[in-house]
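Dear colleague,

Please find below the structure that I am handing over to you, together with its sequence. I would be grateful if you would look through it alongside the notes that come after it.

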Amino acid sequence: MNEENELLKLTDVSTAFKIDGQYYPAVSHVDLEVEKDEILAIVGESGCGKSTLATTIMGLHDPQTTQISGQAVFAGQNLLEMKEEDLNDIRGAKIGMIFQDPLSALNPLKRIEDQISEVLDYHTGMSSEEKHARVIELLNQVGILEPQRTAHQFPHELSGGMRQRVIIAIAIACKPDLIIADEPTTALDVTIQAQILDVLRDIQAENHAGIILITHDLGVVAETADEVAVMYAGEIVERGTTAQVFGDPKHPYTRSLLRSMPQGDMDVLHDDLYVIAGSVPSIEKMPQTGDKFAPRIPWIKASAHEEEPTMHEVAPGHQVRCTCYQDFYFQRLEDVDQ
Ligand SMILES: Nc1ncnc2c1ncn2[C@@H]1O[C@H](COP(=O)(O)OP(=O)(O)OP(=O)(O)O)[C@@H](O)[C@H]1O
């Protein structure tokens, strides 16, 4: 990590939700960094805490029902301790956010131009002419072919792909240093997905932004991300460069996620024995101690799990939680020997 390029540094970030008077962790002790010009993908099954991590960074939780701790340092300030009005100056200006569902993120009653102008009004002192020019420039940048026409349309007049382009235009309107994109292509068909990812990559190259890309789609990650963090039950279980995590996955959870990819062409993943059973438990039912993944990998013996799993560096920049991955290799070698 080059500290000069560091945009966001998460240290020991945890988020717990209050349910029936009791707090349950949805995100636990997350350490991550994002640099300029870097796309960090956060991957994991539904319910593993990806969105909660994003909304924690953005300060979008109700303090009455949420407990948040740790540090999320952005431009020298801990976002998790900032006042709402100071966060408002950063959100939309220095940090842009792209959500999964473009329709619900847009106001159905306002024309596209007005919705993009709103963010420019809030964060810049642009004149009407300057704003109009910027709206057209942004619509061009996100690949909208008739920007003047689209600027005057309402969200329901646009396709899903067009709406997502508009959401991206809003997110980048003030040239943010960091963009958090939560499942930006999930609601779109495959061709449009590829186009939207191209738009994100172009923007990153042009603005030198850092991007946190949250997705459960490993195909998207393989094509787009520089770094990958794999989440399970609110914890990072493996992190490294995309080449490290995809080429030499260590944690049994990462391996099973990769095996679920349609074109899993990695030989190392081809033993059918290790199909992962079950799904992520709800936060109320999640075990609070030990390796939270252990119940789903019964083929790894209990003694292979650490009591309180910690991260281990297996190569420079490549870390894996718990020593249980070693047992996995041991077992595979035994299989090969037979
Ligand atoms: N406001 C909330 N109150 C209580 N529990 C919540 C709240 N928001 C999320 N959760 C729970 O926290 C856990 C993590 O949810 P989260 O949405 O962050 O997961 P995710 O990995 O982003 O999943 P998805 O891809 O489905 O959005 C889940 O068990 C979810 O039910």
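The notes below cover confidence, the two sheets, the helices that pack on them and the surroundings of the ligand.

Please bear in mind that this is a predicted model. The average pLDDT of the protein is 87, and 91% of the residues score at least 70. Residues 264-274 fall below a pLDDT of 50, although this stretch has 14 contacts in the model beyond near neighbours in sequence. For the complex, the predictor reports an ipTM of 0.96 and a pTM of 0.89.

One open sheet consists of four strands in the order 2-1-4-5, with antiparallel pairing. Its edges are formed by strand 2 (22-35) and strand 5 (77-78); each has a single partner strand, so one side of each is left without a neighbour in the sheet. Strand 1 (residues 6-19) runs antiparallel to strand 2 and is joined to it by 10 bridges. Within this pair, V13 stands opposite V30 of strand 2. Helix 1 (residues 50-57) packs on the sheet, where it touches strand 1, strand 2 and strand 4 (66-74). The direction of helix 1 makes about 75 degrees with that of strand 2.

The other open sheet has eight strands in the order 6-7-8-3-9-10-12-11, and its pairing is mixed. Here strand 6 (95-98) and strand 11 (311-315) are at the edges, and each has a single partner strand, so one side of each lacks a neighbour in the sheet. From one strand to the next, the twist averages 20 degrees. Strand 3 (residues 39-43) and strand 8 (residues 210-215) run parallel and are joined by five bridges; I42 stands opposite I214 in strand 8. Helix 11 (residues 252-259) lies across strand 3, strand 9 (227-232) and strand 10 (235-241), at about 105 degrees to strand 9.

Turning to the ligand, there are 14 residues around it, of which F17, A26, S46, S51 and T52 come nearest. Strand 1 and helix 1 each supply at least two residues of this shell. The largest share, three residues, comes from helix 1, the helix that also packs on the four-stranded sheet. By class, the shell comprises five nonpolar, eight polar and one charged residues.

With kind regards

Technical notes:
Residues numbered from 1 in each chain as written. Predicted model: local features only at pLDDT ≥ 70, side-chain atom pairs only at ≥ 80, totals over all residues. Pairing = 2+ DSSP bridges. Contact = placed C-beta atoms within 7 Å. Axes fitted to C-alpha atoms, helices over the stretch in contact; angles between N-to-C directions. Near = placed C-beta within 6 Å. Nonpolar A, V, L, I, M, F, W, Y, C, P; charged D, E, K, R; others polar. pLDDT = per-residue confidence, 0-100.
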